[in-house]
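Student: Could you take me slowly through one part of this structure, namely the charged pairs and the packing around them? I would like a single connected account rather than a list.

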Amino acid sequence: MKQPRISVITGDGKGKTTQCLGRAIVAARGGTRVLMVQFLKGTGYTGELRSFQNWQGLLEIRQFGAGCPHSAEIGQGLSQCRRCGSCFRENKEPENHFADLAFEYAQAAAGSGRWDMLVLDEISHAINKGLLDISAVIDWIRRTDPKIRLVLSGRNMPQALIEIADEATECMMVKHPIQKGIIGRRGVEY
């Protein structure tokens, strides 16, 4: 059976990165070599960063973002996310080129012959913030070896990317603890 080459996971609900990770883990378990490139994320305390080390080269995650100044204590379970916004404010600074670096890394990875699947987590944010040119992204996708499966995620995925995708999924929040003010739970969201 033929696999979809380009998948999009978008929507306003929770679960886009989680769905990407699920796909990556299932693929890696089947012997597929998966690279997840996370755009504008550099938190350093997420569970996925700790777990991918167990996949012996079949699954790698690379983050390109400002990061959280409190990540060490959050990672040790001594603190929770303060929702201070430092990690996102720093990503907006014009001198930071995290999106460019992530995209360049993804392009090099696609051309390396090392990976069978690339997950471009939160790429829509980089495009929607004007940090990446959508035409350049689409051109690269079209030129990428058709044997490489691509998974693109993020809120408000540009329609042009949905149109070139073989499949698109929309995550919609029906009910979530965040609606009651319960944020990022260790072992659940990170």
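**Charged pairs and the helix beside them**

Tutor: R114, with a relative accessibility of 40%, counts as partly exposed, and it makes a useful starting point in what is, please keep in mind, a predicted model. Its side chain meets that of E60 in a salt bridge, with 2.5 Å from N to O. This pair links distant parts of the chain, since R114 sits in the loop between α5 and β4 whereas E60 belongs to strand β3 (residues 59-64), and the two are 54 residues apart. The partners differ in their surroundings: E60 has a relative accessible area of 10% and is buried, while R114, as said, is partly exposed. The link does not stand alone, for salt bridges with shared partners join E60, R62 and R114 into one network.

A search of the whole structure finds six salt bridges, and two others deserve a careful look. In one of them, the side chains of R33 and D116 come together at 2.9 Å, N to O. R33 lies in the loop between α1 and β2 and D116 in the loop between α5 and β4, so this bridge ties together parts of the chain that are 83 residues apart in sequence. R33, at 29% relative accessibility, counts as partly exposed, and D116, at 26%, falls into that class too. In the other, E167 bridges to R23, with the closest N and O atoms 2.8 Å apart. Here the partners are 144 residues apart, E167 being in strand β6 (residues 167-170) and R23 in helix α1. E167 has a relative accessible area of 26% and R23 one of 22%, and because buried means under 20% and exposed over 50%, each of these two residues is partly exposed.

R23 brings us to its helix. The 14 residues of α1 (residues 16-29) should span 20 Å at 1.5 Å a residue, and the end C-alpha atoms are 20 Å apart, which agrees. Its buried residues are K16, T17, C20, L21, A24, A27 and A28. Viewed down the axis of α1, the buried residues fall within an arc of 135 degrees, so they line one face of the helix. The background to such a pattern is that an α-helix has 3.6 residues a turn, so residues three or four places apart point the same way. Turned away from the buried side of α1 is a face that carries the exposed residues T18, V26 and R29. After the helix comes G31, with a positive phi near 95 degrees.

One of the buried residues of α1 is a cysteine, C20, and its relative accessible area is 0%. No disulfide is found anywhere in the structure. For C20, the nearest cysteine sulfur is that of C171, at 8.5 Å, which is too far for a bond. C171 is buried as well, at 8% relative accessibility.

The nonpolar packing completes the picture. The largest nonpolar core has 31 residues, and those with the most contacts inside it are F39, L118, I123, L132, W140 and L152. At least two residues each come from β1 (6-10), β2 (34-39), α5 (98-112), β4 (117-121), α6 (123-128), α7 (134-143) and β5 (149-153). Of these elements, α5 supplies the largest share, seven residues. To see the packing around one member, take L132, which, leaving aside neighbours within four places in sequence, is in contact with F39, A99, D100, F103, I123, A126, I127 and V137. Separate from this is a second core of 14 residues, which includes A24, I61, M117 and V151; A24 is also among the buried residues of α1.

Lastly, the setting as a whole. The chain has eight helices and six strands, running from the N terminus as β-α-β-α-β-α-α-α-β-α-α-β-α-β. Of its 190 residues, 43% count as buried. The links between remote parts seen in the salt bridges can be set beside the contacts at large: among those between residues at least 6 apart in sequence, 78% join residues at least 24 apart.

Terms used: Residues are numbered from 1 along each chain as its sequence is written. This is a predicted model: local features need pLDDT of at least 70, side-chain atom pairs count only at pLDDT 80 or more; totals for chains, interfaces and linings use all residues. Side-chain values use heavy atoms; hydrogens and water are left out. A disulfide is a pair of cysteine sulfur atoms within 2.5 Å. Buried means under 20% relative accessible area, exposed over 50%, partly exposed in between (1.4 Å probe, protein chains only). Helices (H or I, at least four residues) and strands (E, at least two) are DSSP runs, numbered from the N terminus. The expected span of a helix is 1.5 Å times one less than its number of residues. The arc is that of the directions from the helix axis to the C-beta atoms. A nonpolar core is a set of buried Ala, Val, Leu, Ile, Met, Phe, Trp, Tyr and Cys residues joined through side-chain atoms within 4.5 Å. Contact means heavy atoms within 4.5 Å. A salt bridge is a side-chain nitrogen of Lys or Arg within 4 Å of a carboxyl oxygen of Asp or Glu.
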